[in-house]
Amino acid sequence: DLSRMESGKMKYEFANFNFIELVDSIVDEFKIPASDKGLDLRWTAPVESMTVWGDSWKLRQVIFNLIDNSLKYTEKGWIEVGIKPDKDIITLTVKDSGIGMSADTAHALFQKFSRGHDSSKVNAQGLGLGLFIAKKIMDDHRGRLWPESDGEGKGSTFFFQMPIKPPPPSPSSTFDSFIKSM
């Protein structure tokens, strides 16, 4: 993914899909690993389904990475996944009682090969590419990805936010579609 991204050849397959089902399936994958670690993984799926426009596989990578990081950097306590739909935007949060971070660490997390301060004490693995790639995927979906923390030792919340609907077609793509239809 990194080499495709850097060469501008990252391919996306945008379509409508049920966002709640996607998140539900990802959370389900983490139930056993969270339980094995003694963590309480909290997720209550909203009653209604929610259709969004995006590449479900790429967005799966982003959400998987956020929950996986919470699992890696939370030694005891809980991880909570939540969704807040708004009129045109969906916000997903992954909040934990883990190691937290300073403002400087939060700012640097989305840099290539960057890892949190003291993160290797909790998780020795990792190259520091997951959040860098996740941020690029979110940018390509016209979304945002950012962390918040009250400081080291006080847990973290990662926010994933993106528009629900597809963007209007650009004039050039409309023209290209017109030409192809001839």
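Q: A crossing is left-handed if the near helix is turned anticlockwise from the far one by less than a right angle, and right-handed if clockwise. Which of the two words fits the crossing of H3 and H6?
A: Left-handed is the word for H3 and H6. By the rule, that puts the near helix of the pair anticlockwise from the far one, by less than a right angle. H2, on the other hand, passes H3 in a right-handed crossing.

Q: What kind of model is this, and how are its residues numbered?
A: It's a predicted model, where local features need pLDDT of at least 70 and side-chain atom pairs count only at pLDDT 80 or more, while totals for chains, interfaces and linings use all residues. Numbering starts from 1 along each chain as its sequence is written, and side-chain values use heavy atoms, with hydrogens and water left out.

Q: What makes a stretch a helix or a strand here?
A: Both are DSSP runs, numbered from the N terminus: H or I over at least four residues for a helix, E over at least two for a strand. Helix H3, for instance, covers residues 56-72, and H6 covers 130-140.

Q: How is the packing of H3 and H6 described?
A: Two packed helices are described by the angle between their axes and the distance between the axes. For H3 and H6, the axes come within 9 Å and cross at roughly 140 degrees. Axes are lines fitted to C-alpha atoms (for helices, over the stretch in contact), and angles run from 0 to 180 degrees between N-to-C directions. H2 and H3 have axes that come within 10 Å and cross at roughly 35 degrees.

Q: What classes of residue make up the contact of H2 with H3?
A: There are 13 nonpolar, two polar and three charged residues. Ala, Val, Leu, Ile, Met, Phe, Trp, Tyr, Cys and Pro count as nonpolar, Asp, Glu, Lys and Arg as charged, and the others, Gly among them, as polar. The H2 side includes Leu22 and Phe30, which puts them in the nonpolar class.

Q: Why is leucine 22 called buried?
A: Buried means under 20% relative accessible area (exposed is over 50%, partly exposed in between, with a 1.4 Å probe and protein chains only). Leucine 22 has 8%, so it counts as buried. Isoleucine 63 in H3 has 0%, so that residue is buried too.

Q: Which residues does isoleucine 63 touch, leaving out those up to four places away in sequence?
A: They are Phe19, Leu22, Val23, Ile26, Leu92 and Phe160. Each passes the contact test, which asks for heavy atoms within 4.5 Å.

Q: How do you know that the side chain of histidine 141 makes polar contacts?
A: A polar contact is a pair of N or O atoms within 3.5 Å; within protein, one must be able to donate a hydrogen and the other to accept it, and residues adjacent in sequence count only if both atoms are side-chain atoms. The histidine 141 side chain is 2.9 Å from the backbone oxygen of isoleucine 137, and one of its polar atoms is 3.0 Å from the backbone nitrogen of aspartate 55. Both distances fall inside the limit. Histidine 141 sits in the loop between H6 and S6.

Q: What makes S2 and S6 edge strands?
A: Two strands pair if DSSP finds at least two bridges between them. The open sheet has five strands in the order S2-S4-S5-S7-S6, with mixed pairing. S2 (39-43) and S6 (144-148) each have a single partner strand, so one side of each lacks a neighbour in the sheet. For S6, five bridges to the antiparallel S7 meet the pairing rule.
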